[in-house]
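The following paragraphs lead the reader through a single protein model. They are best read with the sequence and the structure side by side.

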Amino acid sequence: MGYEIVVFLGPTLSVADAREHLDALYLTPAGNGDIVRAVIEHAPSAIALIDGVFAQSPAVRHKEILWAMSRGVRVYGVSSMGAVRAAELTEYGMGGYGMVFRWYRRTSLADDADVAVAMAPAQLGSFPLGDALIDIRLTLKKAMRERIIGRQLQVTLERLARSIHYTERSFGKLISIAAEHGISSRELRALDLWLVSGKRKQKEADAIGLLALLSSNSFEMKKRSEPRSFELTEAFAYDMEYYNLTDILLDPDHH
């Protein structure tokens, strides 16, 4: 069955909220082979890569994104793994959107883990179990601008947040560790209360922005692009063999 747009989505935004902005086929966070499989099984004209797996299983490969584009599928990245891959593949035709994507484009040594969060299993909805470092940093800057915390505390909290492994990183964990480091309980309480309504959710905002753009009737992103050249390497074919996709990858007439 064909779908106009396929979206790989997980902890950045719930599927229910995403559907308010774009009617599409929503799949769980992408891993190695999932984009190839989506092209083969669903024949979309466009793919929006928002979330992907990081450490628990192999991540989505650059080469499979290039393969999808070689078949005329437009591929866009935003917010999380999508922003990372889009920043890496802009010169090859992958589209990027949003502040997080632009940050990765201009920050050559940015860590992929800055957008990573622990998430529930796919069968339970892939909802987030923590907060991404990039959202924490933007939130702390906002708190400083609104005079909830001072500049020195902002810097200290950013440093502490970076020291927490992404699988455990959250505002709650950050405030707990800050208290253990002797930071004023009064300042931490003020920040904790402000966080109820003051958080920056840039990853979520970027995702909504791309979905809204893709839903626009006047926008041309949803149409298939012209097929691109693609060099099938032995390493990529071997990688895809595990997923029983190699024969299709080698068939230039398969659509």
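A convenient starting point is a single serine: at 0% relative accessibility, S79 counts as buried, because the cut-off for burial is under 20%. The model under discussion is a predicted one. S79 lies in the loop between strand 4 and helix 4. Its phi angle is positive, about 75°, although S79 is not a glycine. The two elements on either side of this loop can be taken in turn, beginning with the strand and the sheet to which it belongs.

The protein contains 12 helices and five strands. The five strands form an open sheet in the order 2-1-3-4-5, and their pairing is parallel. Strand 2 (25-27) and strand 5 (95-97) are the edge strands, each pairing on one side only. From one strand to the next, the twist averages 20°.

Strand 4, which spans residues 74-78, has four buried residues out of five, so the rest of the structure largely encloses it. Strand 4 is joined to strand 3 by four bridges, and the two run parallel. Within this pairing, I47 has V75 in strand 4 as its bridge partner. Between these two strands the chain passes from strand 3 through helix 3 (residues 62-70) to strand 4, a β-α-β crossover that is right-handed.

On the strand 5 side, three bridges join strand 4 to strand 5, again with a parallel course. Here the bridge partner of V78 is Y97 in strand 5. The connection from strand 4 to strand 5 leads through helix 4 (residues 81-89), and this β-α-β crossover is likewise right-handed.

The pairing of strand 3 with strand 1 may be considered next. Strand 1 (residues 5-8) and strand 3 (residues 46-49) run parallel and are joined by four bridges. F8 has L49 in strand 3 as its bridge partner. Helix 2 (residues 34-42) packs on the sheet, where it touches strand 1, strand 2 and strand 3, and its direction makes about 155° with that of strand 1.

The loop between helix 2 and strand 3 holds A43. Like S79, this residue has a positive phi without being a glycine; for A43 the value is near 45°. How exposed is A43? At 35% relative accessibility, A43 counts as partly exposed, because the range for that class runs between 20% and 50%. S79, by contrast, is buried.

Attention now returns to helix 4. Eight of the nine residues of helix 4 are buried, so this helix is largely enclosed by the rest of the structure. The buried residues are M81, G82, A83, V84, R85, A86, A87 and L89. What do they pack against? Their surroundings are strand 3, helix 3, strand 4, strand 5 and helix 5.

One of these buried residues carries an arginine side chain: R85, located in helix 4. With 8% relative accessibility, R85 counts as buried, because this value is under 20%. Leaving aside neighbours within four places in sequence, R85 is in contact with L49, A59, V60, H62, I65 and M94. Among these contacts, L49 is also the bridge partner of F8 in the sheet.

Helix 5 (residues 98-106) is another neighbour of helix 4: the axes of the two helices come within 8 Å and cross at roughly 45°. Helix 4 and helix 5 are therefore oblique to each other, since an angle between 35 and 65 degrees falls in that class. The crossing is right-handed. On the helix 4 side, A83, V84, A86 and A87 take part, and they meet V100, F101, Y104 and R105 of helix 5. A83, V84, A86 and A87 are also listed among the buried residues of helix 4.

Two totals place these details in the context of the whole chain. Of the 255 residues of the protein, 51% count as buried. Among contacts with a separation of 6 or more, 65% are between residues 24 or more positions apart.

Note on methods
Residues are numbered from 1 along each chain as its sequence is written. This is a predicted model: local features need pLDDT of at least 70, side-chain atom pairs count only at pLDDT 80 or more; totals for chains, interfaces and linings use all residues. Side-chain values use heavy atoms; hydrogens and water are left out. Two strands pair if DSSP finds at least two bridges between them. Axes are lines fitted to C-alpha atoms, for helices over the stretch in contact, and angles run from 0 to 180 degrees between N-to-C directions. Contact means heavy atoms within 4.5 Å. Buried means under 20% relative accessible area, exposed over 50%, partly exposed in between (1.4 Å probe, protein chains only). A crossover is right-handed if, with the strands pointing away from the viewer, the path from the first strand over the helix to the second runs clockwise. Angles under 35 degrees count as roughly parallel, over 145 as roughly antiparallel, 65 to 115 as roughly perpendicular and the rest as oblique. A crossing is left-handed if the near helix is turned anticlockwise from the far one by less than a right angle, and right-handed if clockwise.
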